Amino acid sequence: MIHLPGLAHNLRDETSGLLYVYPPFIEQGFERNPSPMITEGPGLGSSKSVKAANVEPGRPAGGLRESNGSASAGSRSCSVDDAAIEALFAEDARARNLPPVVYVIAAYNEEGAIGPVLDGLRSPICGLPAAIVIVVDGASDGTAEEARKHGAIVCDVRVRRGQGSALKLGYRIAREGGARYIVTTDADGQYDPADAEGVLEPVVSGTADFVAGSRILGRDETTDPLRALGVRVFAGVISLLTGHKVTDPAFGLRAMRVEVPAALDLRQPQYQASELLIGVIARGFRATERPATMQRRRISETKKGRNLQYGIRFARVIATTWWRERTTSAITPATTRAS
Ligand SMILES: Nc1nc2c(ncn2[C@@H]2O[C@H](COP(=O)(O)OP(=O)(O)OP(=O)(O)O)[C@@H](O)[C@H]2O)c(=O)[nH]1
Ligand SMILES: [Mg+2]
């Protein structure tokens, strides 16, 4: 478990805007001054925080408190990611000296699933040595311990912030640890590790900046017709909006240069897939897809909700990201240097 440094930190999640407050801060009576800023208690330093934080990412729940805008005035304040990286680098020397390729995986309650996933990841890959960085947050099972036993570098942040926030932290660990390429995959075993090499190859060879696997170009072994329809519909919508042909906007096995996510405005705490993809295309990075297999889930369960909820949120992220990028980075087909 990462022990976040300092006694009276108020840790802000840059992605969601949530403020995580340490107990000393709450004792100062900020709960008596409710205002728009959402904070989450009882705080990162308490073992109870795991339970309190075990809520849907980016959404207030029973354990959340409100505080006023001067929340950080009386005590030190820094971001959750800053504190987590500082603690990880102090705790695990491997994180400060990463090889050229880093597998970045967000994992939440994936005990039993994550071990076999880690065993399947290859090093070297594309002729380069690789390490694995797992970002666990708020898990209430043995995910972190299992990942450690299987040789991964584990950043275990205690509060659940969502897959998007966890991946963003993982990208940063990869970059600050000295890696050159990132490969993301999921901890639930739905992606075939054997596909990683084909996805990374265009990035290492310099023909692409960002590559995503595609079940449409490869194989879909899942059986949910609504999900299958959703993938095609959202792929069509993103292709139309960006002018860049996309066949699978929700495939979590991806490869990119470490500079790519750092150049994007990633704000989604949970549903990052389409935000990442639209951002990459909008900012003119060379993006492409490679055939890959979507496997059936054998163990653990979805963390993203049922089809309708998933679909609505996915659609909302597409719309908000497209609108934002349209106004800030002027998406046009001409700006996309995709292959
Ligand atoms: N750290 C962290 N990881 C998460 C969180 N929610 C989901 N994940 C991880 O993100 C990956 C994808 O989550 P899934 O629930 O499989 O979502 P999905 O693959 O988009 O959707 P499904 O098709 O329903 O599986 C898995 O490795 C999860 O463990 C979270 O809040 N924190
Ligand atoms: Mg999944």
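I started with the contacts of Asp-195 in this predicted model, and, leaving aside residues up to four places away in sequence, I found that Asp-195 touches Gly-213, Leu-253, Ala-292 and Thr-293.

I then looked up where Asp-195 sits along the chain, and found Asp-195 in the loop between β9 (181-184) and α7 (196-204). I also checked its burial: Asp-195 has 21 other C-beta atoms within 10 Å, and because the cut-off for a buried residue is 20 or more, I entered Asp-195 as buried.

For one pair I noted a distance as well: the C-alpha atoms of Asp-195 and Gly-218 are separated by 9.9 Å, and these two residues are 23 residues apart along the chain.

Next I went through α7, where I listed Ala-196, Val-199, Leu-200, Pro-202, Val-203 and Val-204 as buried. Asking which elements the buried residues of α7 pack against, I wrote down β6, β9, β10 (210-220), β11 (254-257) and β12 (287-294). Just after α7, I noted that Gly-206 takes a positive phi of about 85°.

Last, I turned to ligand 1, which has 20 residues around it, and recorded that Tyr-108, Ala-166, Ala-187, Thr-302 and Lys-303 come nearest. When I sorted the residues of this shell by character, they divided into 8 nonpolar, 5 polar and 7 charged. I also looked up which elements supply the shell around ligand 1, and found that β6 (101-107), β7 (130-136) and α6 (163-176) each give at least two residues. I marked β6 in both entries, since I had met β6 among the elements that the buried residues of α7 pack against.

Notes
Residues numbered from 1 in each chain as written. Chains lettered and ligands numbered in written order. Predicted model: local features only at pLDDT ≥ 70, side-chain atom pairs only at ≥ 80, totals over all residues. Near = placed C-beta within 6 Å. Helix = DSSP H or I, 4+ residues; strand = E, 2+ residues; numbered from the N terminus. Nonpolar A, V, L, I, M, F, W, Y, C, P; charged D, E, K, R; others polar. Buried ≥ 20, exposed ≤ 12 C-beta atoms within 10 Å, placed from the backbone. Contact = placed C-beta atoms within 7 Å.
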